[in-house]
Amino acid sequence: MSVIEEKKALRTFIRKKERTLDPVYKAESSEAICRHLLALDEYKSAKIVFAFAGTEKEIDTSLFMNETIAAGKTLILPLSLIHISEPT
């Protein structure tokens, strides 16, 4: 199996596992990750913070982003531009 095929198989496996995770577990995990980040010395000393806004399938980063803004820090998020072409 090639590396590309292995990556594809791993992504498929992880997506299947993600769909079976309990929503309460996902919410608790997201909060724990955000609280851990907020406790880091690097975060505390930062004036500018780069983060991402998690999607439904990803970590919910809203707590981290809200706390960052409330702390008066500059929050930077990536911009994703998706171009969807019109059918021909």
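Ile33, Leu37, Phe52 and Ile59 together make up a nonpolar patch on the surface, and their combined accessible area is about 280 Å². The structure is a predicted model, and every value below is computed from it. The briefing starts with helix H2, continues with the salt bridge and helix H4, and ends with the aromatic pair.

**Helix H2 and the surface patch**

- Leucine 37, one of the residues of the nonpolar patch, belongs to helix H2, which covers residues 23-39.
- The relative accessible area of leucine 37 is 32%, so this residue is classed as partly exposed.
- Tyrosine 25 is also found in helix H2, and its relative accessibility of 47% makes it partly exposed.
- Between tyrosine 25 and glutamate 5 there are 30 Å in space from C-alpha to C-alpha, while the two are 20 residues apart in sequence.
- Glutamate 28 is a further member of helix H2; because its relative accessible area is 53%, glutamate 28 counts as exposed.
- The C-alpha atoms of glutamate 28 and aspartate 60 are 9.8 Å apart, although 32 residues separate the two in sequence.
- Serine 30 lies in helix H2 as well, but serine 30 is buried, with a relative accessible area of 9%.
- Leaving aside residues up to four places away in sequence, serine 30 touches Ile59 and Asp60.
- Ile59, a contact of serine 30, is also one of the residues in the nonpolar surface patch.

**The salt bridge**

- One salt bridge is found when the whole structure is searched.
- Its partners are arginine 35 and glutamate 31, whose closest N and O atoms are 3.4 Å apart; this distance satisfies the criterion because a salt bridge requires the nitrogen and oxygen to be within 4 Å.
- Both residues belong to helix H2, and because they are four residues apart, about one helical turn separates them.
- An α-helix has 3.6 residues a turn, so residues three or four places apart point the same way.
- Arginine 35 is partly exposed, at a relative accessible area of 43%, and glutamate 31 is likewise partly exposed, at 41%.

**Helix H4 and its two faces**

- Helix H4 spans residues 62-70, and within it Phe64, Met65 and Thr68 are buried.
- Viewed down the axis of H4, these buried residues fall within an arc of 95°, and therefore they line one face of the helix.
- On the face turned away from the buried side, H4 carries the exposed residues Asn66 and Ala70.
- The cover over the buried residues of H4 includes helix H2, helix H3 (41-45), strand E1 (48-50) and strand E2 (74-76).
- Just after H4 comes glycine 72, which takes a positive phi of about 80°.

**The aromatic pair**

- A search of the whole structure gives one aromatic pair.
- The pair consists of tyrosine 43 and phenylalanine 64; their ring centres are 5.3 Å apart, and the angle of 55° between the planes goes with a tilted arrangement.
- Tyrosine 43 is in helix H3 and phenylalanine 64 in helix H4, so the pair ties together parts that are 21 residues apart in sequence.
- Tyrosine 43 and phenylalanine 64 are both buried.
- Phenylalanine 64 is also among the buried residues of helix H4, and helix H3 is included in what covers those residues.

Terms used:
Residues are numbered from 1 along each chain as its sequence is written. This is a predicted model: local features need pLDDT of at least 70, side-chain atom pairs count only at pLDDT 80 or more; totals for chains, interfaces and linings use all residues. Side-chain values use heavy atoms; hydrogens and water are left out. Patches are made of residues with over 30% relative accessible area and no salt bridge: like charges are joined within 9 Å, nonpolar side chains (Val, Leu, Ile, Met, Phe, Trp, Tyr) within 5 Å. Accessible areas come from the Shrake-Rupley method with a 1.4 Å probe; for residues, only the protein chains shown count as cover. A salt bridge is a side-chain nitrogen of Lys or Arg within 4 Å of a carboxyl oxygen of Asp or Glu. Buried means under 20% relative accessible area, exposed over 50%, partly exposed in between (1.4 Å probe, protein chains only). The arc is that of the directions from the helix axis to the C-beta atoms. Contact means heavy atoms within 4.5 Å. Rings of Phe, Tyr and Trp (its six-membered ring) pair if their centres lie within 6.5 Å; planes under 30 degrees apart count as stacked, over 60 as edge-to-face and the rest as tilted.
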